[in-house]
Amino acid sequence: MNIAIDMMGGDFAPLEPVKGLKLYMQHNSAAANIFCIGDEAQVKPLLDEYGLSASNVTVIHAPEVIGYHEHPTKALKEKQRSSIAIGFHLLATGKVDAFISAGNTGAMLVGTMFTIKAIEGVTRPTIATVVPKLNGSTGLILDAGLNVDCKPEHLSQFATLGSLYAKYIIGILNPRVGLLNVGEEEGKGNVLAQATYPLLKENSSIHFVGNVEGRDLIHDKADVVVCDGFTGNVVLKMAESIYDIAQTRHLQNDEYLHRFHYENYGGTPVLGVAKPVIIGHGISSDKAFMNMVHLAAKMVETGFCSVLKEAFHEE
């Protein structure tokens with residue numbers, strides 16, 4: 001298994017990616033071959049300092065970096081020697097099995113769509129976010145912001161993608177799918193919700209349990225909740241603000257609220273594309289990078305992208 005990490009992506013790169021790799025290697029020293037992509041003059045001394053000069057850690061020099069404020073498409077085209085561009089080249093050519101970055105999100109999405117591309121049958125790849133439940137379980141909401149305008153067919157596919165992710169990566173045997181709406185009764189909601197409901201009822205690849213309301217997200221009513229990316233991103237940002245408030249009120253050690261911290265999950269995969277791509281938060285810490293590597297490894301080990309290909313081929 002070969003995993004590539006953009007060592008220059010993130011506000012605290014390359015130090016935090018190196019520290020995160022150290023955390024991962026402490027318990028998984030031979031689990032994967034790691035390709036560290038970045039400025040060799042900055043990355044290699046840090047790897048040596050943290051004792052990461054093992055045979056399964058390789059530095060790939062990338063003299064360019066795509067900044068957060070650069071235009072994604074233009075930057076990828078002009079900076080072919082950037083860490084993100086090289087990472088996608090390695091992934092597309094089969095030299096690595098997964099690619100991780102906490103760099104320019106737009107560049108990561110553009111690179112994913114145009115270099116790795118969607119699985120045949122998937123009309124809109126999506127991103128999801130993890131939702132901690134009050135009972136200790138974990139749920140999923142998607143789309144979380146990639147597709148702000150959606151059609152009912154897109155939400156039905158999100159339901160399939162989310163169900164498979166919940167089953168194979170989160171470990172939920174028979175994930176329950178809910179449609180985020182303003183009421184529980186069938187027929188509620190806007191035009192999109194009303195048109196999506198019958199498609200989810202007819203979708204034989206999911207276990208649809210009906211509409212769920214915003215207050216149900218943290219309760220155990222559904223494991224996978226689908227919505228358009230506009231709504232999903234509003235929910236995500238609201239959850240992040242609640243965690244920020246908890247910190248300012250010194251409640252961050254609350255067992256439940258602590259589970260909202262992004263670093264516990266690392267990053268989010270782009271669901272519906274041919275190979276594993278993990279996008280991390282710009283402020284990713286060492287723990288976040290460690291968890292991104294764990295997630296990438298699990299996606300490779302389970303053959304998750306092949307599972308998706310089979311599911312959509314059957315459709």
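**View 1. Val-307 in helix α11 of the predicted model**. Helix α11 spans residues 304–314 and holds Val-307. Val-307 has a relative accessible area of 16%, so it counts as buried, the limit being under 20%. Beyond the residues within four places in sequence, Val-307 is in contact with Leu-164, Tyr-168 and Thr-302. The C-alpha atom of Val-307 is separated by 18 Å from that of Gly-94, and the two residues are 213 residues apart along the chain.

**View 2. Tyr-165 in helix α6**. With a relative accessible area of 6%, Tyr-165 is under the 20% limit and is therefore buried. Leaving aside neighbours within four places in sequence, the contacts of Tyr-165 are Leu-140, Ile-170, Pro-269, Leu-271, Leu-295 and Phe-304. Leu-308 is 143 residues apart from Tyr-165 along the chain, and their C-alpha atoms are separated by 9.1 Å.

**View 3. Packing of helix α6 on helix α7**. The two helices, residues 152–170 for α6 and residues 191–202 for α7, have axes 8 Å apart at an angle of about 50°. Because this angle lies between the roughly parallel range (under 35 degrees) and the roughly perpendicular range (65 to 115), α6 is oblique to α7. The crossing of α6 past α7 is right-handed. On the α6 side, the contact is made by Pro-152, Glu-153, Leu-155, Ser-156 and Ala-159. The α7 side contributes Leu-192, Ala-195, Thr-196, Leu-199 and Leu-200. Seven residues of this contact are nonpolar, two are polar and one is charged.

**View 4. Asn-181 in the loop between β7 and α7**. Strand β7 covers residues 176–180, and Asn-181 lies in the loop between this strand and α7. The relative accessible area of Asn-181 is 9%, which means that Asn-181 is buried. Residues up to four places away in sequence are not counted among its contacts, which are Lys-188, Gly-189, Ala-193, Asn-211, Val-212, Glu-213 and Gly-214.

**View 5. The buried residues of helix α1**. Helix α1 runs over residues 15–27, and its buried residues are Glu-16, Pro-17, Val-18, Gly-20, Leu-21, Tyr-24 and Met-25. Residues three or four places apart in an α-helix point the same way, because there are 3.6 residues a turn. The buried residues of α1 pack against the strands β1 (2–6), β2 (33–38) and β3 (57–61), and against the helices α2 (40–49) and α10 (286–301).

**View 6. Packing of helix α1 on helix α10**. The axes of α1 and α10 are 7 Å apart and meet at an angle of about 55°. An angle of this value makes α1 oblique to α10. Their crossing is right-handed. Glu-16, Pro-17, Lys-19, Gly-20, Leu-23 and Tyr-24 of α1 face Asp-286, Lys-287, Phe-289, Met-290, Val-293, His-294 and Ala-297 of α10 in this contact. By class, the contact of α1 with α10 has seven nonpolar, two polar and four charged residues.

**View 7. Leu-21 and the nonpolar cores**. The largest nonpolar core has 59 residues, of which Ile-3, Leu-21, Ile-34 and Val-226 touch the most other members. Apart from neighbours within four places in sequence, Leu-21 is in contact with Ile-5, Ile-34, Cys-36, Leu-47, Leu-52 and Val-57. A second core, separate from this one, has 27 residues, including Ala-75, Ile-86, Val-96 and Ile-116.

Technical notes:
Residues numbered from 1 in each chain as written. Predicted model: local features only at pLDDT ≥ 70, side-chain atom pairs only at ≥ 80, totals over all residues. Heavy atoms only, no water. Core = buried A, V, L, I, M, F, W, Y, C linked by side-chain atoms within 4.5 Å. Buried < 20%, exposed > 50% of the residue type's maximum accessible area, 1.4 Å probe, protein only. Contact = heavy atoms within 4.5 Å. Axes fitted to C-alpha atoms, helices over the stretch in contact; angles between N-to-C directions. Helix = DSSP H or I, 4+ residues; strand = E, 2+ residues; numbered from the N terminus. Parallel < 35°, antiparallel > 145°, perpendicular 65-115°, else oblique. Left-handed = near helix turned anticlockwise from the far one by under 90°. Nonpolar A, V, L, I, M, F, W, Y, C, P; charged D, E, K, R; others polar.
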